[in-house]
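Thanks for asking me to look this one over. My notes are below as numbered points, so you can follow along on the model.

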Amino acid sequence: MVLGQYFLSFVILILGATTAAPISLTYSYSSTKSSSSYFNAYSAFDSSFNSTWSIFWNYQEGSWSDSGCSYTSPVLWDSAVAGGAALFTNNPYYVGYITTQLSKYKNSATGGYSSTTAANTDIYTDDNAQTVWVFLDAYKLSGNDDYLNAAIGIMEFIQGQWYSEGGIRWSYNGEYLASISQTEGALAAVRLYEATGDEQWLSFSKQVINWAIDNLQDPSDHLFYDGLQINTGSINKGKLSYTVGTAISTFSYLYNIEKDENWLEQAELLIQASASGSGALYGSNGYWNNQLKYSYLLFQGLADFYNLVGINSAKGWQLSQNISSEINRQAQYVFDYYQDGTTGNYYDDISSAPPSVSSKYKEAFTTSSSSSSSSSSPGTCNGNYVPSLLTNSAAARIFYEAWRV
Ligand SMILES: *[C@@H]1O[C@H](CO)[C@@H](O)[C@H](O)[C@H]1NC(C)=O
Ligand SMILES: *[C@@H]1O[C@H](CO)[C@@H](O)[C@H](O)[C@H]1NC(C)=O
C-alpha cells in the first residue's frame, strides 16, 4: 500500500551504484561535529516506543490513530509497523490490543487484510506480509494458536496472489508484480515455516525469492527493481531500500535453515550494495539518505543477518561486526538529529521538521539535508507540528534493531 500512496516521494533511484568485490566495509566519516556522547539503543527504543504508544494509541477506538491531533484511522501498513514495534517490547500487555486492532482490516470474503478498516477488497500483499510478521510475533509472545492461525490464513491469501507465470501480485488480483511483495512475502513465508515446520512455506519462500532474483534483480549492482507490469511486461527500474532490507532478512533466514552458501552470498552482495559506507543509499553527509519510514527495514535486514548468519559462519561473523558498528552509527544519527528534543517526536525529513530539529542538524552538518526532500510538509495542530505514527514507529524499530546487534 505504501507503494501507491507515497510512490513518488520515496522512489530512490539507485542508478549507477558501483559494486566492488571482495566485500569490504569501512567507515571513516568525520562529518559529525557533535553528537551525544552516550547512546543506549535499548533505552532509545523503550522511550520512543512509550511515547509512540501514549501519543498514538487511542483506547476509546481500540486503535492506533494516524495523527497525534485528532483520531484518524491509519492504513494497514502503518498499523502493522506500529504493532510490530509494540510487540518488540516483549510485553504481553500489548498483544491483545494489537491483534484485535489488526483484525479490523480483515476482508472475510478473500481472507486478505484490506488497506483500511473498510475491510473491502482494496488489499495489498506487502501490507499483508507485514501483518503476518506481527501475528507471528504475537504468537511467539503469547503461545496463542489463534495468532498462528491468523498468520497462516493471511499467508494463504498471499500465496493465492501468485501469478500463473510467476510472482506475487502487489494488489488483489492486480497486474503489478512489485518486488516488495516478493521480498516481504518470502520473508513472511520463511518465518511461518520456522513457526510451523510446514515445508510448503519453506518451498514457497524459495520459489518467491528465486523468482525475484531471476526477474527483478539488477545484475550490475544486485539491487531489486521496483516491479514488473504483467500486461505490458515493462519493468519499473526504481530501486527501494526497504526491498533490499527485506531481501537480506529472507536470505538470512534461509541460510540459517539450509546452510546453503548461495543464500549467504546473496545476502553479502546486498549488504555490500547497501551498507558498505558508500553508494547510492548514502547521502553526502555519510549517512543513509532514506526516510526513517522506509529505512527501518534495512536496519531490520542487517540485524537479521547479524543474528541469523553471524553466529553461524566465520565469514558472516566478520561482516557482522562491521554491520553492528554501521547500524549503531546510523541509529545514533537518527537519535541525535531526527528527534525533537522537547517533545521526543521523530521526523522523516530535516526539511520539513520543526526548527528545533532542523537547526541542530544544520549546525552539525555543512552539507544540505541528507534525506530526499519530502513531497509534503508536516501538518500542524493547534500551532504544533503533528507527529506521524509511521515515522515514530519506524524510529522505535530502528533503535530496537540497533539493540539487537
Ligand atoms: C570490516 O571493516 C574493516 C575496516 O573497518 C575492513 O578492513 C574489513 O575488510 C571489513 N570486513 C568485512 C568482512 O567487510
Ligand atoms: C516504558 O513503559 C514500560 C511499560 O509500561 C515501563 O516499564 C518502562 O519503564 C517505560 N520506560 C520509560 C523510559 O518510560
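1. A definition to start with: a salt bridge here is a side-chain nitrogen of Lys or Arg within 4 Å of a carboxyl oxygen of Asp or Glu. Please keep in mind that this is a predicted model. With that cut-off, D348 and K293 are paired through their side chains, at 4.0 Å from N to O. The two residues sit 55 places apart in the sequence, D348 in the loop between α12 and α13 (355-364) and K293 in helix α11. Both D348 and K293 are buried.

2. How many salt bridges does the structure hold? The count is eight. Side chains of opposite charge can pair when their charged atoms come close. One of the eight joins K206 to E258, whose closest N and O atoms are 2.5 Å apart. This pair links distant parts of the chain, with K206 in helix α8 (residues 199-216) and E258 in helix α9 (residues 241-258), 52 residues apart.

3. Are K206 and E258 buried or exposed? Neither word quite fits: K206 has a relative accessible area of 23% and so is partly exposed. E258 is also partly exposed, because its relative accessibility is 27%.

4. Next, have a look at K239 and D221, whose side chains form a salt bridge with 3.0 Å from N to O. K239 belongs to strand β5 (residues 235-239), while D221 lies in the loop between α8 and β4 (225-229), 18 residues away. K239 counts as buried because its relative accessibility is 2%, and D221 is buried too, at 1%. The cut-off for buried is under 20% relative accessible area. Through shared partners, salt bridges join D218, D221 and K239 into one network.

5. Two backbone angles deserve a glance. Most residues other than glycine have a negative phi. H222, in the loop between α8 and β4, has a phi near 70 degrees, a positive value in a residue that is not glycine. K259 also has a positive phi, about 55 degrees, without being a glycine. K259 is placed in the loop between α9 and α10 (261-275) and is partly exposed, with a relative accessible area of 43%.

6. Now for the nonpolar interior. The largest nonpolar core has 129 residues, and the members that touch the most others are F49, W64, I98, L302, F305, Y338 and F399. Which helix gives the most to this core? Helix α11 (residues 292-308) does, with 11 residues. The core takes at least three residues from each of domain 1 (1-28 + 38-73 + 286-405) and domain 2 (74-239).

7. F49 is a good residue to click on. Apart from neighbours within four places in sequence, F49 is in contact with W64, A82, A85, A86, T89, Y94 and A396.

8. Q330 is worth a look as well. This residue is part of helix α12 (residues 314-337) and is buried, because its relative accessible area is 2%. Setting aside residues up to four places away in sequence, Q330 touches Y282, G286, Y287, W288 and F299.

9. Finally, the surface. Y59, Y93 and Y97 make up a nonpolar patch there, with about 310 Å² of accessible area together. Y59 is found in the loop between β1 (57-58) and β2 (63-64), and its relative accessible area of 46% is why Y59 counts as partly exposed.

How values were computed
Residues are numbered from 1 along each chain as its sequence is written. Chains are lettered from A and ligands numbered from 1 in the order in which they are written. This is a predicted model: local features need pLDDT of at least 70, side-chain atom pairs count only at pLDDT 80 or more; totals for chains, interfaces and linings use all residues. Side-chain values use heavy atoms; hydrogens and water are left out. Helices (H or I, at least four residues) and strands (E, at least two) are DSSP runs, numbered from the N terminus. Buried means under 20% relative accessible area, exposed over 50%, partly exposed in between (1.4 Å probe, protein chains only). Contact means heavy atoms within 4.5 Å. Patches are made of residues with over 30% relative accessible area and no salt bridge: like charges are joined within 9 Å, nonpolar side chains (Val, Leu, Ile, Met, Phe, Trp, Tyr) within 5 Å. Accessible areas come from the Shrake-Rupley method with a 1.4 Å probe; for residues, only the protein chains shown count as cover. A nonpolar core is a set of buried Ala, Val, Leu, Ile, Met, Phe, Trp, Tyr and Cys residues joined through side-chain atoms within 4.5 Å. Domain bounds come from an automatic or database domain assignment.
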